[in-house]
Amino acid sequence: MFRHPPPRGRRTVGLLATALVTLSAGLTAVASTHPAHADTATLGELAEAKGRYFGSATDNPELSDTRYTRILGSEFGQITVGNTMKWQYTEPSRGRFDYTAAEEVVDLAESNGQSVRGHTLVWHNQLPSWVDDVPAGELLGVMRNHITHEVDHFEGRLIHWDVVNEAFEEDGSRRRSVFQQKIGDSYIAEAFKAARAADPDAKLYYNDYNIEGIGPKSDAVYEMVKSFKAQGVPIDGVGMQAHLIAGQVPASLRQNIRRFADLGVDVALTELDIRMTLPRTAAKDARQATDYGAVVEACLAVSRCVGITLWDYTDKYSWVPSVFPGQGAALPWDENFAKKPAYHAIAAALDDGSPTPGGNCTATHRVTSRWQGGFTAEVTVENDHTAPITGWAVTWTLSDGQSVDHVWNGALTADGQNVTVRDAGYNGTLGVGGSTTFGFRGQGAADVPTDMACASGQPSRTPA
Ligand code: XIL
């Protein structure tokens with residue numbers, strides 16, 4: 001009856017360019033007027049100051065560990081129930097529902113003032129075996145009944161539901177789950193409709209892994225969300241699980257979050273961990289810390305990226321070693337509850353960037369001409385925040401041998417390979433959805449920056 005998910009092997013695509021290492025250094029320049037308090041505030045508080053949540057998954061067996069629950073209850077603004085909202089626990093036999101274990105976690109979160117994400121209603125794993133035996137003609141009704149009962153039970157207590165989990169294969173085709181095989185393509189839309197009917201206020205998410213970067217699988221999810229939006233199927237968000245590998249954070253993460261947001265849905269990073277091959281070393285910890293910082297930065301860069309959840313917070317209770325043999329140390333706290341470099345990188349990234357409660361912007365780079373030894377590029381700065389912004393700064397890292405020798409419609413400061421271009425005064429104010437451009441001439445190869453970041457803030461000069 002209890003089926004553990006099989007190991008899924010290598011689950012991320014793309015290589016993070018080494019240039020990302022200096023991303024937070026570049027952004028620090030923007031935040032210099034913002035008092036640093038990453039050393040005293042919790043991750044939850046730092047995220048809240050940015051209008052986001054920062055949370056952790058947890059699981060019932062851990063709740064008797066008081067060292068564990070002390071940090072769980074104080075450091076995070078949000079909780080995900082790691083296992084016991086899944087079908088095998090909530091409807092272990094047909095029509096018999098049991099929420100005892102799930103409620104233990106929800107009660108605890110509520111007593112700590114934490115919001116809760118519901119995870120998950122329809123999934124091929126941790127599904128009781130009786131569901132496999134439901135005749136094809138009855139499965140849609142059984143699925144609807146399960147959703148209706150569980151969503152109704154928790155109505156008003158959860159911010160999000162992961163309505164459907166992991167419905168796509170790596171190549172973008174539909175996973176041949178029992179729901180897919182017996183109900184057909186329509187089962188996902190039907191699941192969302194049933195969830196909306198049961199709780200009109202919970203935000204409804206599609207959740208999956210290996211959709212953090214742009215590729216065949218995220219393309220398929222993107223097309224599904226687009227068609228749901230066009231047809232009025234009630235979907236509010238996409239959960240990118242983000243079970244990542246140190247050194248392999250997809251370079252297109254931010255761009256991918258952005259394209260989903262542009263469809264009119266929220267994005268959440270729902271199950272973040274960044275694993276490494278054991279044993280831990282200082283170098284691997286440093287790599288992992290950089291990666292955690294980059295993931296947080298990517299979320300903060302898109303205003304519709306609403307929050308980040310760690311898939312538990314301490315290596316003591318990580319699912320990684322049992323599923324990916326030889327790998328682990330994936331979380332920001334070690335197994336003795338000591339904070340690792342990753343913790344500090346997350347705190348710094350959350351504390352960084354735009355002045356609180358500042359808006360956010362995005363910068364898009366385009367090479368406009370190139371010649372032997374040089375090039376010109378145009379950067380479009382767009383206000384993707386929900387309020388006007390006054391002043392912006394774009395940062396990036398130059399590749400080896402690159403330099404910038406002239407900027408127009410912007411003000412350049414360079415510190416080694418770290419470049420900052422601030423607005424030129426007359427183009428510093430951008431209304432909601434508004435954009436402007438600046439241009440620059442570079443020496444060296446016309447490499448496209450992989451870490452270009454934009455932060456809104458105080459105007460760099462008095463508007464003309
Ligand atoms: C995992 C839990 O962490 C494990 O304890 C359990 O044995 C299996 O499931 N994607 C998901 C999560 O959506 O529900 C999974 O959680 C991890 C992968």
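This passage walks through a predicted model of a protein, from its overall make-up to its disulfides, its ligand and a few individual residues.

The protein has 464 residues, and 59% of them count as buried. Its secondary structure consists of 13 helices and 20 strands. The chain also makes many connections across the sequence: among contacts between residues at least 6 apart in sequence, 78% join residues at least 24 apart. The accessible surface comes to about 17700 Å², and carbon and sulfur atoms account for 52% of that area.

Cysteine pairs are a good place to begin a closer look. The protein contains two disulfides, and with bonded cysteines counted along the chain, the pairing follows the pattern 1-2, 3-4. One disulfide is formed by Cys-299 and Cys-305, whose sulfur atoms are 2.1 Å apart. Both Cys-299 and Cys-305 are buried. The torsion about the S-S bond of this pair is about -105°, so the disulfide is left-handed.

Another disulfide joins Cys-361 to Cys-454, with an S to S distance of 2.1 Å. Here the torsion about the S-S bond is about -95°, so the disulfide is left-handed. Which strands hold these two cysteines? Cys-361 lies in strand S11 (residues 361-371) and Cys-454 in strand S20 (residues 453-456), so the disulfide ties together parts that are 93 residues apart in sequence. Cys-361 has 0% relative accessibility and counts as buried. Cys-454, at 6% relative accessibility, counts as buried.

The ligand comes next. How many residues surround the ligand? There are 15 of them, and the closest are Asn-83, Lys-86, His-119, Glu-271 and Trp-311. By residue class, this shell divides into four nonpolar, seven polar and four charged residues. Several side chains place an N or O atom beside a polar atom of the ligand. For Glu-271, the partner is an oxygen atom of the ligand, at 2.7 Å from an N or O atom of the side chain. For Glu-166, the partner is a nitrogen atom of the ligand, at 3.1 Å from an N or O atom of the side chain. The side chain of Gln-241 likewise has an N or O atom 3.3 Å from a nitrogen atom of the ligand. Taken alone, the ligand exposes 420 Å², and the protein buries 90% of that area.

Helix H3 and the loop before it offer a view of another region. Helix H3 spans residues 66-75, and its buried residues are Tyr-68, Thr-69, Ile-71, Leu-72, Gly-73 and Glu-75. The cover over these buried residues includes helix H2 (43-49), strand S1 (53-58), strand S2 (78-81), helix H5 (100-111) and helix H13 (341-351). At the start of H3, a side-chain oxygen of Asp-65 comes to within 3.2 Å of the backbone nitrogen of Arg-67.

Asn-60 sits in the loop between S1 and H3. Is Asn-60 buried or exposed? With 14% relative accessibility, Asn-60 counts as buried, because buried means under 20%. Leaving out residues up to four places away in sequence, Asn-60 touches Thr-84, Ala-101, Glu-104 and Val-105. A polar atom of the Asn-60 side chain lies 2.8 Å from the backbone oxygen of Ala-101.

Two aromatic residues complete the picture. Trp-396 belongs to strand S14 (residues 392-397), and its relative accessible area of 4% makes it buried. Apart from neighbours within four places in sequence, the contacts of Trp-396 include Val-404, Gln-417, Val-419, Phe-438, Phe-440 and Met-452. Asp-451 is another of its contacts; Trp-396 and Asp-451 are 55 residues apart in sequence, while their C-alpha atoms are 5.6 Å apart in space.

Phe-375 is found in strand S12 (residues 374-383) and, at 1% relative accessibility, counts as buried. Not counting residues up to four places away in sequence, Phe-375 touches residues including Ser-369, Arg-370, Gln-402, Phe-440, Arg-441 and Ala-446. Phe-440 thus appears among the contacts of Trp-396 and among those of Phe-375. Phe-375 and Asp-447 are 72 residues apart along the chain, and their C-alpha atoms are separated by 9.4 Å.

Conventions. Residues are numbered from 1 along each chain as its sequence is written. This is a predicted model: local features need pLDDT of at least 70, side-chain atom pairs count only at pLDDT 80 or more; totals for chains, interfaces and linings use all residues. Side-chain values use heavy atoms; hydrogens and water are left out. A disulfide is a pair of cysteine sulfur atoms within 2.5 Å. Buried means under 20% relative accessible area, exposed over 50%, partly exposed in between (1.4 Å probe, protein chains only). Helices (H or I, at least four residues) and strands (E, at least two) are DSSP runs, numbered from the N terminus. A residue is near a molecule or strand if one of its heavy atoms lies within 4 Å of it. A polar contact is a pair of N or O atoms within 3.5 Å; within protein, one must be able to donate a hydrogen and the other to accept it, and residues adjacent in sequence count only if both atoms are side-chain atoms. Accessible areas come from the Shrake-Rupley method with a 1.4 Å probe; for residues, only the protein chains shown count as cover. Ala, Val, Leu, Ile, Met, Phe, Trp, Tyr, Cys and Pro count as nonpolar, Asp, Glu, Lys and Arg as charged, and the others, Gly among them, as polar. Contact means heavy atoms within 4.5 Å.
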